[in-house]
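Colleague: Mind walking me through this one? I'd like the reasoning along with each answer.

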Amino acid sequence: MEPNIVIEARDLTKNYNGRPAVDHLTFRIREGEIFGFLGPNGAGKTTTLLMMLGLTEPSGGTVRVLGMDPAREPIRVKREIGYLQENMGFYRDLTGRQSLQFIADLNGITGDEADKRIEEALEEVGLTAEAEKKVGAYSRGMRQRLGFAEILVKAPKIAFLDEPTLGLDPEATGRMMDLIRDLCTRRNMTVMLSSHLLHQAQRICHRLGIMIHGRMVAEGTMEKLAAEKLGVGQEQYSLEEIYMKYFKES
Ligand SMILES: Nc1ncnc2c1ncn2[C@@H]1O[C@H](COP(=O)(O)OP(=O)(O)O)[C@@H](O)[C@H]1O
Ligand SMILES: [Mg+2]
C-alpha cells in the first residue's frame, strides 16, 4: 500500500446464495480523509464494512486496513479501528459513563487516562449532563452520540460509521454529521461513513463513493462527480441529482 493509503479494497466481492451483495469493489481511502459511502438500502454498504472489519470473509478480492488483512488478522485490525454499528446494542442498565468505562476496560485503557478520555468524550458529544442516566432512558439521538463517544474513548486511527444518523430527525442528523466532521478532523481520524442521506454526506465528506447493486458506480469529490456525469464544471449540483443520474443508468 502507498504510505498514506490506510484502507484499500481490490475487486472485493461477497456472494450470498450465489448472488453478489458486493461486486468487484475497488477503492482507496487516504489517511485523514472522511469518505462517504453512499447508496440506497440493499446496495451492499454494510456488507462491505463488515469485510473491512474482519466480521465476514470476502468471497473474492482483497481488503487492506492499515496494511493488514482483516480476514487473517481480525483481532489486530479490531484493536486499531472504531466501529459504529448500524443498529447499536447497548447495555440498557448501564449509565452513559459506565458504558464508556466498559469500552475503556475492554481496550486496556485504565486509571487517570480512562477518566480523562471519558470526561473529554462526554463533553465533546454533549452528554456530560446525562452521563449518570441509564442508557435505556436515552433518546435515539443520545444513544447515537454515546456510540460515537465510545469511538472517541478508544481513539482509533480509523472509524467505520455505518449509518450514524439512522432514525434521527433532520436537525439531529445535521448536528451529528457536524460532530463527526469536527471531532474527526480535530483528531485526524480517517472515517469511512455509510449513509443513504446524500445531501448530508455531501456536506461533511472529502470524497464520496456511490454504490448501487454492489458496485461502486462513481467515486471522487463532489466536483469530480458533477463534472463527470453531468458534464459541468463549477456549477452546484446536489448529490441527489448525481445519484439519480447514476441510478437511472445502472
Ligand atoms: N447475512 C446475509 N445473508 C444473505 N443476504 C444478505 C446478508 N446480509 C446482506 N444480505 C443481502 O445483501 C445485500 C446488501 O445488503 P447490505 O450490505 O446490508 O446493504 P446496505 O447496507 O447498503 O443496505 C442485500 O440484498 C441484502 O439482502
Ligand atoms: Mg446497511
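What follows is a short back-and-forth on the ligand shell, the helices, the sheets and a few backbone angles.

Modeller: Before we start, keep in mind that this is a predicted model.

Colleague: Fair enough. Which helix gives the most to the shell around ligand 1?

Modeller: The residues surrounding ligand 1 are Tyr16, Ala21, Gly39, Asn41, Gly42, Ala43, Gly44, Lys45, Thr46 and Thr47. Now put the helix boundaries next to that list: one helix covers residues 45–52 and supplies three residues of the shell. The top contributor is therefore helix α1.

Colleague: And how many residues of that shell are polar?

Modeller: Gly counts among the polar residues here, so Gly39, for instance, goes in that group. The split comes out as three nonpolar and one charged, and the polar count is six.

Colleague: Is α1 largely enclosed or left open by the rest of the structure?

Modeller: Buried here takes 20 or more other C-beta atoms within 10 Å. In α1 that label goes to Lys45, Thr46, Thr47, Thr48, Leu49, Leu50, Met51 and Met52. That's eight of the eight residues, so α1 is largely enclosed.

Colleague: Which strands of the six-stranded sheet does α1 touch?

Modeller: That open sheet runs in the order β5-β6-β7-β3-β8-β9, with mixed pairing. β5 and β9 each have a single partner strand, so one side of each lacks a neighbour in the sheet. On average, neighbouring strands in this sheet are turned by 15 degrees against each other, ignoring direction. α1 packs on the sheet with its direction at about 150 degrees to that of β6, and the strands touched are β3, β6, β7 and β8.

Colleague: What about the other sheet, which strands stand at its edges?

Modeller: It's an open, antiparallel sheet of three strands in the order β2-β1-β4. Two of these strands have a single partner each, so one side of each is left without a neighbour in the sheet; these edge strands are β2 and β4.

Colleague: At what angle does α1 run to β1?

Modeller: β1 pairs with β4 in the antiparallel sense over five bridges, and one opposite pair there is Arg10 with Thr62. α1 lies across β1, β2 and β4, and its angle to β1 is about 120 degrees.

Colleague: Now α5. How many of its residues are buried?

Modeller: α5 spans residues 140–154, reaching 22 Å from its first C-alpha to its last, close to the 21 Å expected at 1.5 Å a residue. Its buried residues include Leu146, Phe148, Ile151, Leu152 and Val153. Their cover includes β5, α3, α4, β6 and α6. α5 is largely enclosed by the rest of the structure, because the buried count, out of 15, is eleven.

Colleague: Which residue follows α5 with a positive phi?

Modeller: Most residues other than glycine have a negative phi, so a positive one is worth a look. Right after α5 the phi is near 50 degrees, and the residue is Ala155.

Colleague: Where does His213 sit?

Modeller: β8 and β9 pair in the antiparallel sense over five bridges. Within that pairing, Ile212 stands opposite Arg215, and Met211 has Met216 as its bridge partner. The two strands form a hairpin with two residues between them, and His213 in the turn has a positive phi of about 50 degrees. So the place of His213, which counts as partly exposed with 16 C-beta neighbours inside 10 Å, is the loop between β8 and β9.

Colleague: Last one: is Asn188 buried or exposed?

Modeller: Asn188 is in the loop between α6 and β7, and its phi is positive, near 50 degrees, without being a glycine. For the label, exposed means 12 or fewer other C-beta atoms within 10 Å. Asn188 has 9, so it is exposed.

Key: Residues numbered from 1 in each chain as written. Chains lettered and ligands numbered in written order. Predicted model: local features only at pLDDT ≥ 70, side-chain atom pairs only at ≥ 80, totals over all residues. Near = placed C-beta within 6 Å. Helix = DSSP H or I, 4+ residues; strand = E, 2+ residues; numbered from the N terminus. Expected span 1.5 Å × (residues − 1). Contact = placed C-beta atoms within 7 Å. Pairing = 2+ DSSP bridges. Axes fitted to C-alpha atoms, helices over the stretch in contact; angles between N-to-C directions.
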